[in-house]
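New to this one? Take a look at the sequence and the model first, then use the notes underneath to find your way around.

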Amino acid sequence: MPSHSLTEPARSGRPRSAAADAAILEATRASLVDLGWSKLTMGDVASRAGVAKTTLYRRWAGKNELVVDAVAVLFDELELPDLGSLTADVQAVVLQFAALLERPETRTALMAVVAESTRDEALRDRIRNSIVARQKRLVLQGRERAQRRGELPVEPDAEVAARTADLIFDVIAGAVVHRALVSAEPVDADWARRFTLLLLKGLGPVSSEAGSGKALSRQKPGGSV
C-alpha cells in the first residue's frame, strides 16, 4: 500500500517517530469510542498514548486535524482485490468497506467528524483531502483494470473521466455508509451482490428474476417520463 502523508510537511529538527504517530492515532480512536467527540481532549489522547501534549501539537494543530487523520489511516487499509471481473471486484470491496465500518472505532470516528464538519468548512476540506481523495484510488484502480479487460469503455476526455470517477465513488461510498451507519442494516453478501448488479446494470430488467421481464419503460402511461 502506498504511504500517505497524514499531516503538514516534516519540519526541521528531531525526526518524527512512526511508532509515536501510530500510538497517538490509536489513542485518538479509543478516546472517541470511550468519550465521544465533545469530551475528547488533546490531553486525554496524549495521556493514553504515553506522550507529552506538546508532542501532539507539534504534529496536529488541534482535535479536528487529529481525528481526521486517525480515521484516514483506517480507510487506507482498504484494498481492491483482483478477482477476475468487475462484478466480483466491486462486491468484494463493498464487503471489505462494510466490515471496516462495523468496527466501533471506525464507526464512531467517522460519524463524529462528519457531524462536526457540518459546522466547520476547514474540517470538511480536510476530510475531502485526507479521506475522500485518497480512497478514490480504489475507483481509479478498478476502472483501469476493467478497461484492460474490456469490461468498461475508455474515456479519452480526462475531465469527463474524473467526473465519472467522482460519481462512482459517491454512489458506492454513499450507499454503503447509509446502509451501515444510517439505516443500521446489514451489508451482507446478498446485499452486496444486488447493489453491484444495480450499479453495473442500472434500473432496467437485469436478470430472469425480473419476473415477466417487461422493462420499466413499457409500464409508463402515455409515454410519461
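Here is a quick tour, from the overall fold down to single residues.

Keep in mind that this is a predicted model. The protein has 9 helices and 0 strands, so reading along the sequence gives the pattern α-α-α-α-α-α-α-α-α. Of its 225 residues, 34% count as buried.

**The big picture**

- Take the contacts in the protein with a separation of 6 or more: residues 24 or more positions apart account for 65% of them.
- On the outside, the protein exposes about 12800 Å², and carbon and sulfur atoms supply 55% of that area.

**The nonpolar core**

- In soluble globular proteins, nonpolar side chains tend to be buried together.
- Here, the largest nonpolar core holds 50 residues, and Leu66, Phe75 and Val94 have the most contacts inside it.
- Plenty of helices chip in: H1 (18–35), H2 (42–49), H4 (63–75), H5 (86–102), H6 (104–117), H7 (121–149), H8 (158–182) and H9 (189–201) each give two or more residues to this core.
- Leaving aside neighbours within four places in sequence, Leu66 is in contact with Ile24, Leu25, Thr28, Met42, Val45, Leu56 and Trp60.

**Where H1 meets H4**

- Thr28 is found in helix H1, while Ala70 has its place in helix H4.
- Both end up hidden: Thr28 counts as buried because its relative accessibility is 0%, and Ala70 is buried at 0% as well.
- These two residues are 42 residues apart along the chain, yet their C-alpha atoms are separated by 6.6 Å.
- Not counting residues up to four places away in sequence, Thr28 touches Leu40, Val45, Leu66, Val67 and Ala70.
- By that same count, the residues touching Ala70 are Leu25, Thr28 and Arg29.
- The side chain of Thr28 also reaches the backbone oxygen of Ile24, at 2.8 Å.

**Helix H8, end to end**

- At the start of H8, a side-chain oxygen of Asp157 comes to within 2.9 Å of the backbone nitrogen of Glu159.
- How far should H8 span? With 25 residues at 1.5 Å a residue, 36 Å is what you'd expect, and its end C-alpha atoms are 34 Å apart, which agrees.
- The buried residues of H8 are Ala161, Ala165, Phe169, Ile172, Ala173, Val176 and Leu181.
- What covers those buried residues includes H5, H6, H7 and H9.
- Just after H8, Ala184 takes a positive phi of about 55°.

**An aromatic pair in H9**

- The structure holds 2 aromatic pairs.
- In one of them, the rings of Trp191 and Phe195 have their centres 5.1 Å apart; their planes are at 5°, so the pair is stacked.
- Trp191 and Phe195 sit 4 residues apart in helix H9, so about one helical turn separates them.
- Are these two residues buried or exposed? Trp191 counts as buried, with 12% relative accessibility, and Phe195 is buried too, with a relative accessible area of 11%; the cut-off for buried is under 20%.

Key: Residues are numbered from 1 along each chain as its sequence is written. This is a predicted model: local features need pLDDT of at least 70, side-chain atom pairs count only at pLDDT 80 or more; totals for chains, interfaces and linings use all residues. Side-chain values use heavy atoms; hydrogens and water are left out. A nonpolar core is a set of buried Ala, Val, Leu, Ile, Met, Phe, Trp, Tyr and Cys residues joined through side-chain atoms within 4.5 Å. Buried means under 20% relative accessible area, exposed over 50%, partly exposed in between (1.4 Å probe, protein chains only). Contact means heavy atoms within 4.5 Å. The expected span of a helix is 1.5 Å times one less than its number of residues. A polar contact is a pair of N or O atoms within 3.5 Å; within protein, one must be able to donate a hydrogen and the other to accept it, and residues adjacent in sequence count only if both atoms are side-chain atoms. Rings of Phe, Tyr and Trp (its six-membered ring) pair if their centres lie within 6.5 Å; planes under 30 degrees apart count as stacked, over 60 as edge-to-face and the rest as tilted. Accessible areas come from the Shrake-Rupley method with a 1.4 Å probe; for residues, only the protein chains shown count as cover.
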